[in-house]
Amino acid sequence: MDLKSNLGLIDEKEKKMNHIYSIQNQKKYYLGEYRERIIVALKVDQLLEGDLYPEIIAAMDNPKAKYLKMRRDIGLTFLKPYIKEAERKNFRYEIIDGLSYLGDIGLVVVTDESLDNEDEELVIRDMNQDFLDVGLGPEYSKNQGKHVCNKCHLKVEDKLPDYIEKFKRLTILDKLLGVNCPVCKDRKKMGGK
Ligand SMILES: [Zn+2]
């Protein structure tokens with residue numbers, strides 16, 4: 001064997017080693033699963049927000065989906081909504097010790113086949129991201145579906161018209177009953193004006 005093909009062989013071997021190494025690392029990142037078997041994922045922060053991500057519920061209905069895996073150290077309080085859904089759907093779930101994993105993934109929905117997802121973003125877009133992108137704080141995203149004052153309503157209409165349907169104006173009855181705008185209230189609580 002000449003030197004050149006020998007070097008080529010070493011190169012191949014190194015590539016293979018690197019590949020194995022990166023797959024092992026991937027598994028540490030995706031709670032012990034191969035990336036190619038992940039349908040969707042959530043980060044720890046997204047679980048701690050306490051909002052239920054409908055994408056996860058939908059993923060459990062995906063015929064390819066086999067089980068749901070979550071990190072125990074997040075705390076049962078925050079995992080409970082997903083556990084409840086899984087139980088309701090009779091969908092297998094596992095709660096694992098997160099200590100031996102890298103990164104900030106907190107929940108994955110897994111299949112047992114290889115998906116063609118190499119170029120896909122597996123982590124679901126943050127629910128609040130649309131709001132944050134236009135400079136509306138969390139006091140808006142968390143009060144969707146509620147009645148808000150005219151000023152807050154106008155702000156949504158102005159900056160995030162796609163979401164205007166999710167906010168109603170305070171009614172006269174609300175006002176008579178002394179209901180305050182929850183967005184304004186939260187803004188004050190968070191130290192804003
Ligand atoms: Zn308001």
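Q: Which residues touch the most other members in the largest nonpolar core?
A: This is a predicted model. In it, the largest nonpolar core has 22 residues. A41, I56, L68, Y82, L107, V108 and V109 touch the most other members.

Q: Which elements give two or more residues to this core?
A: Three strands and two helices are listed: strand 1 (38-43), strand 2 (65-71) and strand 4 (105-111), plus helix 3 (54-61) and helix 4 (76-89).

Q: Any general background for that?
A: In soluble globular proteins, nonpolar side chains tend to be buried together.

Q: Back to I56. What does I56 touch, leaving out residues up to four places away in sequence?
A: V40, L42, Y82, L107 and V109.

Q: And what lies apart from the largest core?
A: Another core, of 9 residues. Among them are F131, V156, C181 and V183.

Q: Helices now. How do the axes of helix 3 and helix 4 cross, and within what distance do they come?
A: The two axes come within 11 Å. They cross at roughly 25°.

Q: Roughly parallel or roughly antiparallel?
A: Roughly parallel, because angles under 35 degrees count that way.

Q: Left-handed or right-handed crossing?
A: Helix 3 passes helix 4 in a right-handed crossing.

Q: Which residues make the contact?
A: From helix 3, I56, I57 and M60. From helix 4, Y82, E85, A86 and K89.

Q: How do those divide into nonpolar, polar and charged?
A: The contact of helix 3 with helix 4 has 5 nonpolar residues, no polar ones and 2 charged.

Q: Switching to backbone angles. What about phi at L31?
A: L31 is not a glycine, yet its phi is positive, about 50°. Most residues other than glycine have a negative phi.

Q: Where is L31?
A: In the loop between helix 1 and strand 1.

Q: Is L31 buried or exposed, and why?
A: L31 counts as buried, because 22 C-beta neighbours lie inside 10 Å. The cut-off for buried is 20 or more.

Q: What is phi at N90?
A: Positive, about 60°, and N90 is not a glycine either. N90 sits in the loop between helix 4 and strand 3 (92-96).

Q: N90: buried or exposed?
A: Exposed, because N90 has 7 C-beta neighbours inside 10 Å.

Q: Next, K13. Where is K13 placed?
A: In helix 1 (residues 3-29). K13 counts as exposed, with 10 C-beta neighbours inside 10 Å.

Q: How far apart are K13 and L115?
A: In sequence, 102 residues. In space, 26 Å from C-alpha to C-alpha.

Q: And where does G135 lie?
A: In the loop between helix 5 (129-133) and helix 6 (138-141). G135 has 10 C-beta neighbours inside 10 Å, so it counts as exposed.

Q: What separates G135 and E118?
A: Their C-alpha atoms are separated by 32 Å, with the residues 17 apart along the chain.

Q: Last one, I164. Where does I164 lie?
A: In the loop between helix 7 (150-159) and strand 6 (168-169).

Q: What does I164 touch, again leaving out residues up to four places away in sequence?
A: V156 and E157. V156 is also one of the residues of the 9-residue core.

Q: How does I164 count for exposure, and why?
A: Partly exposed, because I164 has 13 C-beta neighbours inside 10 Å. Exposed would need 12 or fewer.

Q: How far is I164 from G145?
A: They are 19 residues apart in sequence and 9.9 Å apart in space, C-alpha to C-alpha.

Technical notes. Residues numbered from 1 in each chain as written. Predicted model: local features only at pLDDT ≥ 70, side-chain atom pairs only at ≥ 80, totals over all residues. Core = buried A, V, L, I, M, F, W, Y, C linked by C-beta atoms within 7 Å. Helix = DSSP H or I, 4+ residues; strand = E, 2+ residues; numbered from the N terminus. Contact = placed C-beta atoms within 7 Å. Axes fitted to C-alpha atoms, helices over the stretch in contact; angles between N-to-C directions. Parallel < 35°, antiparallel > 145°, perpendicular 65-115°, else oblique. Left-handed = near helix turned anticlockwise from the far one by under 90°. Nonpolar A, V, L, I, M, F, W, Y, C, P; charged D, E, K, R; others polar.
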